[in-house]
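This report describes selected helix contacts and surface pockets of one protein chain. The sequence and the structure are shown first, and the description follows.

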Amino acid sequence: MKFTETMLDNYSQPLSATEDQHCKNAIRMVSDALKRLGFTDDGKAISPLYPDTYAYAIQLRSTNGYRNVKLFVQGSYANNTNVRTQSDVDIAVIQEEVFITGYRPASSSFPQSDADYNFSTAPTPNKSFKDEVQECLEYKFGSDVERKNKSVKVHGNTNRKDADTVPCRRYRDYRNDYRKDANNYVGGIVITPDRGPRIINYPEQHIANGRSKNIATHQYYKKMVRIIKKMRYLMEESCYTPYVSAAQGVSSFMLESLLWNIDDKWYLDNCGAHRKVYAFQLMINLLKASKGLFKSYKEANGIKPLCEDDTAFTKLCTFIDSLSSFYDYE
């Protein structure tokens, strides 16, 4: 398929002010719903986790106990890499006071345990945190609420976008702490699906790393991310089965992470010196030549491997080969 400079320029554009407001509205509607559990925001304003991002966040505390919840926009909206205006707004709803720890194993030279930090096991609640969040959302939005495997979805209408709330617990990774300092951890989130194993993610690091890289590359990084994500959607919507299959084999997050591993200097040397249509071709060429390195790449959070197994590696390589065939320019 042939693409023009105008087409790629449109694909590379960031969110509009309207989309920005949708992110704020999504956070507000979820935080207001949680007040039914006795939470308050103490009149604090919703503000971004990091400057120049749409990762809007707010902290809630219980007025009648010790509970604390942090809400923030995550995913493509938070990272300003969204290319579909109909995409859901993803909201992490993190239970902070009860957390899950990651320690060095007993077989290591310096093993760790809860005793090193004076942590105790929390009692099992009568309701899961996800159940509580779902009940609050159903009370406020009624039949517009749908429980998913990993989230609780609030379907949109003329006044709001679809919102996927992800109830989760804080993950504290202490494996690099040698001081027995309870505050010296890498913070992630733990999602407990209705079906399947727990999932550990690092959305806050993802947002911070993406912002830093975008600044270092003079905004070329996220422009290229939006373009490759748009290409994935176009391949998925094509009538050619190999393109559809290749596009469905990778996620938008995987592609965003893949481009995060490209050296900053490459963006500065190539994206500023060439038209977008040619710079994107050069990037495809680079990725084809770098497939042998994909197993050493990290997700955009800088912590988890980009390819968790050989299957993911093969699917990513297949996508790059298919993209090379799919893309042509004028």
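In this predicted model, Met29, Asp32, Ala33 and Leu34 of helix H2 are in contact with Val133, Cys136, Leu137, Lys140 and Phe141 of helix H4. Helix H2 spans residues 17-34, and its axis comes within 8 Å of that of H4, the two crossing at roughly 105°. Because angles of 65 to 115 degrees count as roughly perpendicular, H2 is described as roughly perpendicular to H4. By class, the residues of this contact comprise 7 nonpolar, no polar and 2 charged.

**Two further helix pairs**

Helices H8 and H11 pack with their axes 12 Å apart, at an angle of about 80°. H8 is therefore roughly perpendicular to H11. On the H8 side the contact is formed by Met254, Leu255 and Leu258, and on the H11 side by Ala312, Leu316, Phe319 and Ile320. The residues of this contact are 7 nonpolar, with no polar and no charged ones.

For H5 and H6, the axes come within 6 Å and cross at roughly 110°. These two helices are therefore also roughly perpendicular to each other. Gly210, Arg211, Lys213 and Asn214 of H5 meet Tyr220, Tyr221 and Lys222 of H6. Here the contact residues divide into 2 nonpolar, 2 polar and 3 charged.

**The pockets**

The table gives the class composition of the linings of two pockets.

| Pocket | Nonpolar | Polar | Charged |
|---|---|---|---|
| Largest pocket | 17 residues | 15 residues | 11 residues |
| Second largest pocket | 11 residues | 4 residues | 8 residues |

The largest pocket has a volume of about 1400 Å³. Its lining consists of 43 residues, and those lying nearest the centre are Asp90, Lys150, Asn201, Ser251 and Phe253. Several helices and strands supply at least two lining residues each, among them helix H3 (75-78), strand S11 (199-201), helix H5 (203-216), helix H6 (220-236) and helix H11 (310-326). Helix H8 provides the largest share of this lining, 5 residues. The helices of the H8 and H11 pair, described above, thus both appear among the elements that supply at least two residues of the lining of the largest pocket, as do H5 and H6.

The second largest pocket has a volume of about 480 Å³. It is lined by 23 residues, of which Gln95, Pro125, Ser128, Phe129 and Arg169 lie nearest its centre. Two or more residues of this lining come from each of S6, helix H4 (129-141) and S9. Strand S6 gives the most, with 4 residues. Strands S6 (89-102) and S9 (163-173) also each supply at least two residues to the lining of the largest pocket.

**Ala78 in helix H3**

Is Ala78 buried or exposed? Ala78 belongs to helix H3, and its relative accessible area is 1%. Because buried means under 20% relative accessible area, Ala78 is buried. Apart from neighbours within four places in sequence, Ala78 is in contact with Thr53, Tyr54, Ala55, Val73 and Ile207. The C-alpha atoms of Ala78 and Phe39 are separated by 24 Å, the two residues being 39 residues apart along the chain.

How values were computed
Residues are numbered from 1 along each chain as its sequence is written. This is a predicted model: local features need pLDDT of at least 70, side-chain atom pairs count only at pLDDT 80 or more; totals for chains, interfaces and linings use all residues. Side-chain values use heavy atoms; hydrogens and water are left out. On a 1 Å grid over the protein atoms alone, a cavity is a set of points where a 1.4 Å probe fits but cannot get out, and a pocket is an open set with protein on both sides within 12 Å along at least five of seven lines; lining residues have an atom within 4 Å of a point. Grid points are joined across faces, edges and corners, and a volume is the space filled by probe spheres set on the points. Ala, Val, Leu, Ile, Met, Phe, Trp, Tyr, Cys and Pro count as nonpolar, Asp, Glu, Lys and Arg as charged, and the others, Gly among them, as polar. Axes are lines fitted to C-alpha atoms, for helices over the stretch in contact, and angles run from 0 to 180 degrees between N-to-C directions. Angles under 35 degrees count as roughly parallel, over 145 as roughly antiparallel, 65 to 115 as roughly perpendicular and the rest as oblique. Contact means heavy atoms within 4.5 Å. Buried means under 20% relative accessible area, exposed over 50%, partly exposed in between (1.4 Å probe, protein chains only).
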